[in-house]
Amino acid sequence: MLTMKDIIKEGHPTLRKEAAAVTLPPTDEDKKILKQMMDFLVHSQDPEIAEEHDLRPGVGLAAPQINVSKQIIAVRTTDHNDELLEVGMFNPKIISHSAETTFLENGEGCLSVDREVNGIVPRYSRIKVEGVTSEGQTITLRLKGFPAIVFQHEIDHLKGIMFYDRIEEIEDSFKYPLPPREV
Ligand SMILES: CNC(=O)c1cccc(C)c1Nc1nc(N2CCN(c3ccccc3Cl)CC2)nc(N2CSC[C@H]2C(=O)NC)n1
């Protein structure tokens, strides 16, 4: 099972690389990696297992975080209806997004960052994500709220982007506020 020692930390070069697309259909090895990532999230969210194996809780994980530079992400969280959203994806892409942005008031945490980095991380409020599941199905998800933020955080990892790279942007929009619209 994956534990915290398998998760690479900021400073490791793999976190700053562009991850390679997974050749489709995914191999058994690719599927095993995705299963291990999802199992980590399940274990990290189980108080007993997390305690026993000293796991930090997470709701998302990207393959580069376990030093696998491939476009594979796992997300396990609840949506605004408190429904479980458990999605593993190969080659995820944001195919459209709202102009509107949002952010987590308490900032974002990352399993590869062993420090608290406070600050507003601007994210699209709503996104449409397309990717391939372990069953080889191409799926499209329309997401908003916390799940949308988690997917953006994980897809950023596939591009070598860390959440704190985005913290300065919000000032930019204050610096260059949109001119008032002609009514
Ligand atoms: C610095 N301030 C903060 O971290 C922060 C601080 C307060 C609130 C929020 C909301 C914050 N932000 C934040 N909280 C989370 N968790 C909330 C707790 N939860 C969890 C905890 C215990 C058991 C089970 C679970 Cl499920 C695990 C997930 N997760 C993320 N992120 C950013 S997107 C990827 C995702 C991730 O999995 N990170 C490891 N951000």
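**Exercise 1. Following the strands**

Which residue in S6 is the bridge partner of His-97? Find it, then trace the pairing of strands through this predicted model.

*Solution.*
Step 1. Start with the pair itself: His-97 has Ile-127 as its bridge partner in S6.
Step 2. Now look at the two strands involved. S3 (residues 84-97) and S6 (residues 126-132) run antiparallel and are joined by 5 bridges.
Step 3. Move on from S6 to strand S7 (residues 138-144), where 7 bridges hold an antiparallel pairing. Within that pairing, Glu-130 is matched with Thr-140 in S7.
Step 4. Check how the chain gets from S6 to S7. The two strands form a hairpin with 5 residues between them, and Gly-136 in the turn has a positive phi of about 85 degrees.
Step 5. Go back to S3 and take the other direction. S2 is joined to S3 by 7 bridges, again antiparallel, and Thr-77 stands opposite Leu-85 in S3.
Step 6. Finish with S1 (residues 60-62), which is antiparallel to S2 and linked to it by 3 bridges. Here Gly-60 is partnered by Val-75 in S2.

**Exercise 2. The setting of Arg-76**

Decide whether Arg-76 is buried or exposed, and describe what surrounds this residue.

*Solution.*
Step 1. Place the residue: Arg-76 belongs to strand S2 (residues 72-78). That strand is mostly covered, with 6 of its 7 residues buried.
Step 2. Apply the cut-off. Arg-76 has a relative accessible area of 18%, and buried means under 20%, so Arg-76 counts as buried.
Step 3. Look for a polar partner. The side chains of Arg-76 and Glu-86 are joined by a polar contact of 2.5 Å.
Step 4. List further contacts. Beyond neighbours within four places in sequence, Arg-76 touches residues including Met-38, Leu-41, Val-42, Val-59 and Leu-84.

**Exercise 3. Unusual backbone spots**

Find residues with a positive phi that are not glycine, and a peptide bond that is cis.

*Solution.*
Step 1. Recall the background: most residues other than glycine have a negative phi, and most peptide bonds are trans.
Step 2. Take Asp-54, with a positive phi of about 55 degrees. This residue sits in the loop between helix H2 (47-53) and S1. Its relative accessible area is 63%, so Asp-54 is exposed.
Step 3. Take Asp-82, whose phi is near 60 degrees. Asp-82 lies in the turn of the hairpin that S2 and S3 form, with 5 residues between the strands. With a relative accessible area of 61%, Asp-82 is exposed.
Step 4. For the peptide bond, go to Leu-24 and Pro-25: the bond between them is cis, with omega near -5 degrees. Pro-25 is found in the segment before helix H1 (28-44).

**Exercise 4. Around the ligand**

Which residues come nearest to the ligand, and how much of the ligand's accessible area does the protein cover?

*Solution.*
Step 1. There are 15 residues around the ligand, and Gly-58, Val-59, Asn-106, Gly-107 and Gly-109 come nearest.
Step 2. Sort the shell by type: 5 residues are nonpolar, 7 polar and 3 charged. Helix H3 (residues 145-157) gives the most, with 3 residues.
Step 3. Follow the backbone. A backbone N or O atom of Asn-106 is 2.8 Å from a ligand nitrogen atom. For a polar backbone atom of Gly-107, the distance to a nitrogen atom of the ligand is 2.9 Å, and for one of Gly-109 it is 3.0 Å.
Step 4. Close with the cover: on its own the ligand has 800 Å² of accessible area, and the protein covers 67% of that.

Notes: Residues are numbered from 1 along each chain as its sequence is written. This is a predicted model: local features need pLDDT of at least 70, side-chain atom pairs count only at pLDDT 80 or more; totals for chains, interfaces and linings use all residues. Side-chain values use heavy atoms; hydrogens and water are left out. Helices (H or I, at least four residues) and strands (E, at least two) are DSSP runs, numbered from the N terminus. Buried means under 20% relative accessible area, exposed over 50%, partly exposed in between (1.4 Å probe, protein chains only). A polar contact is a pair of N or O atoms within 3.5 Å; within protein, one must be able to donate a hydrogen and the other to accept it, and residues adjacent in sequence count only if both atoms are side-chain atoms. Contact means heavy atoms within 4.5 Å. A residue is near a molecule or strand if one of its heavy atoms lies within 4 Å of it. Accessible areas come from the Shrake-Rupley method with a 1.4 Å probe; for residues, only the protein chains shown count as cover. Ala, Val, Leu, Ile, Met, Phe, Trp, Tyr, Cys and Pro count as nonpolar, Asp, Glu, Lys and Arg as charged, and the others, Gly among them, as polar. Two strands pair if DSSP finds at least two bridges between them.
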